[in-house]
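This report walks through a few features of one protein model, taking helix packing, aromatic rings and selected residues in turn. Please keep the sequence and the structure open while reading.

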Amino acid sequence: MRRLRALEPLVWVGPAIALIALVVLWPVIEMIRSSFLEISRLGVVRGSAGLANYDKLFAEKDFADIMVRSVIWVIAVVALTVLVSLALAQLFNQHFPLRKVARWALIAPWAASVLMTAIIFKWMLDPEVGVINQIRLKLGLIDAMGGASADQLGDASTAMPWLIFVAVFVSVPFTTYALLAGLATIPADVYEAAKMDGAGRLRTYWSITLPLLRPALTVATLINVMNVFNSFPIIWAMTHGQPGYSTATSTIFMYILKGSDIGESAAMSVVNFGMVIVLTVIFLRVSRWNREVA
């Protein structure tokens, strides 16, 4: 009877464990297994490939640039998202007229489909009829519509900033609301004590708000790191990773490889998976997430 009672919790957690194994662990195992197989474009397994898929992947002339660009993409998007969200969370935590309306408006980019948002920005940046380029034309920033200067998504130097902007645009709402939830947990008497001690607003924010906001900030940043690294719709909808691979990240490159070599694409997936783990571990070490706030 004691043994049966000890196994009783499995009745409750068993379905969740089974679901995680089916939805998470099994695809990871299949991904790793496929990276060592020779698979035709139609998905027919021809046998073992050993390390050939990895050798082919690492020999790709654009592989190193794509991986560096992927890291820069993650750092830029996540850093800007956190900075903007910190400012917005502090703003929306104040009392002002129509605050609820402003908060609801902030949800819009988050509630909308990421793919739809990316397509809308692509239309806005269209070199022939895009509203952004029409504004640039009226301001005298470009000579004419349809030219090379109007095609901002046709060159990596202008396309990447726009891709980062759209990624930040769709990431800010979630991050801001996560930080707002964190701000709501900070006791008001802490601020009262700081005020009595003569601490100014900047000192109070740096010494009290940020340290007490660290748990929410850590969770929000970590989720953003994983989401942004695996982000696909924005880049694919706006540039397809072009011209060449100049705007492609590792996730886009993995999808492109799938059309010609499934085994190599699986190897890229494994590298992606490893990179996410590495970036996550680095972030947790740098943020010292498990250190208690003094």
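## Packing of helix 4 and helix 13

The axes of helix 4 (residues 63-92) and helix 13 approach each other to within 12 Å, and they cross at roughly 35 degrees. The crossing of these two helices, helix 4 and helix 13, is right-handed. On the side of helix 4 the contact is made by F63, M67, V71 and V74, while helix 13 contributes M268, V271, M275 and L279. Sorted by class, the residues in this contact of helix 4 with helix 13 comprise 8 nonpolar ones, with no polar and no charged residues. As this is a predicted model, the packing described here is a computed arrangement.

## A buried asparagine in helix 13

Helix 13, which spans residues 262-287, also holds N272. Is N272 buried or exposed? With a relative accessible area of 4%, N272 is buried, because a residue counts as buried when its relative accessible area is under 20%. When its neighbours within four places in sequence are set aside, N272 is in contact with F229, S250, T251 and M254.

## Aromatic pairs

The structure holds 13 aromatic pairs. One of them joins F165 and F169, whose rings are stacked, with 6.4 Å from centre to centre and 20 degrees between the planes. The pair counts as stacked because planes under 30 degrees apart fall into that class. Along the chain, F165 and F169 are 4 residues apart in helix 8 (residues 156-184), so about one helical turn separates them.

Both partners of this stacked pair can also be described by their accessibility: F165 is partly exposed, with a relative accessible area of 42%, and F169 likewise counts as partly exposed, at 34% relative accessibility. Elsewhere, ring pairs link F36, Y54, F58 and F63 into a cluster. Of the residues in that cluster, F63 is also among those of helix 4 that make the contact with helix 13.

## A52 in helix 3

Helix 3 covers residues 52-58, and A52 is found in this helix. A52 is partly exposed, its relative accessible area being 39%. How far apart are A52 and F283, in sequence and in space? The two residues, A52 and F283, lie 231 residues apart in sequence, and the distance between them in space is 32 Å, taken from C-alpha to C-alpha.

How values were computed: Residues numbered from 1 in each chain as written. Predicted model: local features only at pLDDT ≥ 70, side-chain atom pairs only at ≥ 80, totals over all residues. Heavy atoms only, no water. Phe/Tyr/Trp six-rings, centres within 6.5 Å; stacked < 30°, edge-to-face > 60°. Buried < 20%, exposed > 50% of the residue type's maximum accessible area, 1.4 Å probe, protein only. Contact = heavy atoms within 4.5 Å. Axes fitted to C-alpha atoms, helices over the stretch in contact; angles between N-to-C directions. Left-handed = near helix turned anticlockwise from the far one by under 90°. Nonpolar A, V, L, I, M, F, W, Y, C, P; charged D, E, K, R; others polar.
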